[in-house]
Amino acid sequence: QHVVLFINTDAPLSPAWKYNPKERDPVMDDIDDNIPAYFGIELWKPNSPGFFLVHNTVFRREDYAGVVIALQAAQASGEGTVATTTLTTVENPWWGIRAGLTVNVTWVYLGRVADWEQQLPEDIRRKVAAKKDLNCTNPHLVREEGTFKNFPNFKTSSQQQLKVPQANLLADLAGWTVLNNKDQFIAALRPTGAPVAPETKEPEHHWPFPFPWPHNGSQPSNGTQP
């Protein structure tokens with residue numbers, strides 16, 4: 001069994017030097033609250049309005065730290081926060097999940113990606129990166145102001161309607177992350193027993209992907225450059 005799980009969150013992942021999951025349970029500023037809930041770690045009070053994560057425990061609590069450490073290591077690599085872990089389910093009568101199932105989970109955590117940011121044109125990078133961390137040495141810091149405030153972890157409470165530049169840049173980041181970690185996705189999505197496809201030369205991708213980028217209310221003639 002293999003699951004690909006995209007955590008499209010407004011909560012940046014804390015780096016290892018800020019949060020060690022082997023030493024303490026997480027707080028709201030450390031990680032998206034859904035991930036701990038899968039392991040029986042509840043960040044919300046049971047009576048919190050609108051949040052019903054208490055029934056979402058599907059994996060063993062002792063396996064939580066390993067998942068977080070793998071994600072933190074992927075984030076620190078600068079190549080996209082993608083990690084694959086092998087987990088065992090616990091019984092969850094609420095969702096009808098049996099205990100003892102072995103599941104490979106490919107986790108994809110939305111956050112800043114250092115290698116991707118370094119490939120942006122300099123003027124765009126300076127509009128996207130956190131002013132206090134232009135080189136993405138601390139991915140927990142996000143843009144403080146402007147069009148790309150909180151990028152890529154836009155607030156789901158107050159930034160639900162993204163502008164075209166915001167949506168396009170977010171799509172570019174997501175696409176780059178998948179392509180840059182293609183081996184994990186191929187392993188996850190290939191049917192059991194299917195032959196491995198021969199290597200093919202991939203088309204070159206130059207930032208940005210050909211998404212329209214409005215500039216002063218109009219689209220540039222080539223549809224790519226801001």
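## Q75 and its surroundings

The side chain of Q75 comes to 3.3 Å from the backbone oxygen of L13. That is a handy place to start looking around this predicted model. Q75 sits in helix 2, and with a relative accessible area of 6% it is buried. Setting aside residues up to four places away in sequence, Q75 touches L13, S14, P15, T81 and P139. L13 therefore appears twice in the picture of Q75: as a residue that Q75 touches, and as the owner of the backbone oxygen that the Q75 side chain reaches, while Q75 itself counts as buried because 6% is under the 20% cut-off.

## The chain as a whole

Stepping back, the chain has six helices and three strands. Read along the sequence, these elements follow the pattern β-α-α-β-β-α-α-α-α. Of the 226 residues of the chain, 41% count as buried.

Two further totals help to set the scene. Among contacts with a separation of 6 or more, 55% are between residues 24 or more positions apart. The accessible surface of the chain is about 12,900 Å², and carbon and sulfur atoms hold 55% of that surface.

## Salt bridges

How many salt bridges does the chain have? The count comes to nine. One of them joins the side chains of R61 and D25, with 2.9 Å from N to O. This pair ties together distant parts of the chain, 36 residues apart: R61 lies in the loop between helix 1 (34-38) and helix 2 (64-77), and D25 in the loop between strand 1 (2-7) and helix 1. Are the two partners buried or partly exposed? R61 counts as partly exposed because its relative accessibility is 42%, and D25, also at 42%, counts as partly exposed too.

R60 forms a salt bridge with D63, and here the closest N and O atoms are 2.9 Å apart. The two ends of this bridge fall into separate classes: R60 is partly exposed at 33% relative accessible area, whereas D63 is buried at 17%. The cut-off that matters for D63 is 20%, because buried means a relative accessible area under that value.

Another bridge brings together the side chains of R126 and E122, at 2.8 Å from N to O. Why can these two side chains be partners along one helix? R126 and E122 are four residues apart in helix 4 (residues 122-128), so about one helical turn separates them. In general, an α-helix has 3.6 residues a turn, so residues three or four places apart point the same way. R126 is partly exposed at 45% relative accessibility, and E122 is partly exposed at 39%. Elsewhere, salt bridges with shared partners join R112, E117 and D133 into one network.

## V90 and its contacts

V90 is found in the loop between strand 2 (82-88) and strand 3 (102-109). Its relative accessible area is 23%, so V90 counts as partly exposed.

Which residues does V90 contact, leaving aside neighbours within four places in sequence? The list is T57, V58, F59, R60, I97, R98 and A99. For T57, the C-alpha atoms of the two residues are 7.6 Å apart in space, while 33 residues separate V90 and T57 in sequence. R60 gives a link back to the salt bridges, as this contact of V90 is also the partner of D63.

## Aromatic pairs

A search of the whole structure finds eight aromatic pairs. In one of them, the ring centres of F151 and F154 are 5.8 Å apart and the planes meet at 70 degrees, so the pair is edge-to-face. Both F151 and F154 are buried.

Ring pairs also link Y38, F39, F59, Y64 and W107 into a cluster. F59 is worth a second look, since this cluster member is also in contact with V90.

## Helix 5

Helix 5 (residues 164-180) has 17 residues. From first C-alpha to last, helix 5 reaches 24 Å, close to the 24 Å expected at 1.5 Å a residue.

Which residues of helix 5 are buried? They are P165, Q166, N168, L169, D172, L173, W176 and T177. The cover over these buried residues includes strand 2, helix 3 (114-118) and helix 4. Helix 4 is thus part of the cover over helix 5, as well as the helix that holds R126 and E122.

Definitions and conventions. Residues are numbered from 1 along each chain as its sequence is written. This is a predicted model: local features need pLDDT of at least 70, side-chain atom pairs count only at pLDDT 80 or more; totals for chains, interfaces and linings use all residues. Side-chain values use heavy atoms; hydrogens and water are left out. A salt bridge is a side-chain nitrogen of Lys or Arg within 4 Å of a carboxyl oxygen of Asp or Glu. Buried means under 20% relative accessible area, exposed over 50%, partly exposed in between (1.4 Å probe, protein chains only). Contact means heavy atoms within 4.5 Å. A polar contact is a pair of N or O atoms within 3.5 Å; within protein, one must be able to donate a hydrogen and the other to accept it, and residues adjacent in sequence count only if both atoms are side-chain atoms. Accessible areas come from the Shrake-Rupley method with a 1.4 Å probe; for residues, only the protein chains shown count as cover. Rings of Phe, Tyr and Trp (its six-membered ring) pair if their centres lie within 6.5 Å; planes under 30 degrees apart count as stacked, over 60 as edge-to-face and the rest as tilted. The expected span of a helix is 1.5 Å times one less than its number of residues.
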